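Hi,

Here is the structure I promised to pass on. Have a look at it first, and then read on for what turned up.

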Amino acid sequence: MKLALFDDYRLGVVKDEGIVDVTAALPQHDSGFAANFWVRLCHNFTELRPKIEDLAQAGTPRPLDQVRLRAAVLNPSKVLAAASNYGAHREEMRARGSQGWLQDFGVFLKAPSAIIGPEETIYLPEVGEREVHHEGELAFVIGKTGKDIPEERALAYVLGYTMLIDVTVRGEGDRSYRKSFDGFCPVGPWLVTADEIGDPHHLRIRLWVDGQLRQDVNSGDMLVNIPQMIAFASRAMTLYPGDLFTTGSPPGVGPIADGNTMTMEIEKIGRMHIYVKRPKKSGQG
Ligand code: MN
């Protein structure tokens, strides 16, 4: 099932013909930035699923181009991100002269306030000579609370999968700052429940900039797999329903600039566009 948030944070199910509003399946719904119905939905999805399916079956789909899709996550307690998780990406970062420790696997945090939705625009910050890069990644959303989760049971904690672009200012300094500018976490176009994905380590991931293919890899190439990264992260911190976890960048990262359009696609998930603009300075036309 493809779960989406749209318009005023309505809940939708995406089908071939469009999107069906299934908000009525929720015990409560509150729109706005402090809404927590989404976290409750992630926590109670198994119980709510039959009602959501009934409404999705009975409802009339609206064409996707008539709604505003939002990021398929809302107020995660954290955005966890795997670092240096594809061998060929480690190599390209080493070639750029990146510091040694940055080439080791690890998990860092991105600010949830950086999240934007599909078809939205990143306004580039002023970062001098530094480059801002795209990192197109497979991401997943946690469905239940867990600490010290063993690898063997880790996939049971995954509610579903989505796409995330881990936008990054290259160079010195802490990752959490360089990767947390507003707009640096596009997520979308929806959340595909785990049952519809099957094995998440067999998915083709692609990212284009202005139609030029930059990243093209299979998720099976990741070095630390999803159960291993859930086990690793949950040794330190409790994972909560709705938490977002991104699995690390494939090779092919590169700069984005004013006027670019990024297109990202992951097999079995979907496709989204993200636009890049340099904000106008005051006084300029
Ligand atoms: Mn990344």
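To start somewhere specific: in which strand does P189 lie? The answer is β12, which covers residues 185-193. I picked that spot for its backbone: the peptide bond between G188 and P189 is cis, with omega at about -5 degrees. For background, most peptide bonds are trans, and most residues other than glycine have a negative phi. Please keep in mind throughout that this is a predicted model.

The phi angles bring up two more places to look at. E119 is not a glycine, yet has a positive phi, near 65 degrees. You'll find E119 in the loop that runs between β6 (115-116) and β7 (121-123). K268 is another non-glycine residue with a positive phi, this one near 70 degrees. K268 sits in a loop too, between β17 (261-266) and β18 (270-277). Are these residues buried, or open to the outside? With a relative accessible area of 41%, E119 counts as partly exposed, and K268, at 46%, is partly exposed as well.

Now the overall picture. The secondary structure of the chain consists of six helices and 18 strands. There are 285 residues, and a compact globule with that many would have a radius of gyration near 19 Å; the chain has 18 Å, so it agrees with that expectation. Along the principal axes, the C-alpha atoms fill a box of roughly 55 × 55 × 30 Å. Of the 285 residues, 53% are buried. If you take the contacts between residues at least 6 apart in sequence, 75% of them join residues that are at least 24 apart.

As for the surface, about 12500 Å² of the chain is exposed, and carbon and sulfur atoms supply 49% of that. The chain carries 32 positive and 37 negative charges, and the mean positions of the two sets are 2 Å apart.

Next, the metal. Which residues hold the manganese ion's protein donors? They are E135 (OE), E137 (OE) and D166 (OD), at 2.0 to 2.1 Å from the ion. Along the chain, these donors follow the spacing E-x1-E-x28-D. Both glutamates, E135 and E137, are buried.

Helix α6 is worth a visit too. It spans residues 226-236, and its buried residues are I226, P227, M229, I230, A231, A233 and S234. What lies over them? The cover includes the strands β4 (79-83), β9 (136-142), β10 (158-165) and β15. One of the manganese donors, E137, falls within the β9 range of 136-142.

Just after that helix comes M237, in the loop between α6 and β15 (244-246). M237 is partly exposed, because its relative accessible area is 24% and buried means under 20%. Setting aside neighbours within four places in sequence, M237 is in contact with K78, L80, G146 and K147. G146 shows how the chain comes back on itself here: 91 residues separate G146 from M237 in sequence, while their C-alpha atoms are 8.7 Å apart in space.

If you want a route through the model, try the cis bond between G188 and P189, then the manganese donors, and finish at the loop with M237.

Cheers

Technical notes. Residues are numbered from 1 along each chain as its sequence is written. This is a predicted model: local features need pLDDT of at least 70, side-chain atom pairs count only at pLDDT 80 or more; totals for chains, interfaces and linings use all residues. Side-chain values use heavy atoms; hydrogens and water are left out. Helices (H or I, at least four residues) and strands (E, at least two) are DSSP runs, numbered from the N terminus. Buried means under 20% relative accessible area, exposed over 50%, partly exposed in between (1.4 Å probe, protein chains only). Contact means heavy atoms within 4.5 Å. Donors are N, O and S atoms within 2.8 Å of the metal (3.2 Å for Na, K and Ca); water is not among the atoms, so sites may look incomplete. The radius of gyration is taken over C-alpha atoms; the globule rule is 2.2 Å times the number of residues to the power 0.38. Accessible areas come from the Shrake-Rupley method with a 1.4 Å probe; for residues, only the protein chains shown count as cover. Lys and Arg count as positive and Asp and Glu as negative; His and the chain ends are not counted. The place of a charge is taken as NZ of Lys, CZ of Arg, CG of Asp or CD of Glu.
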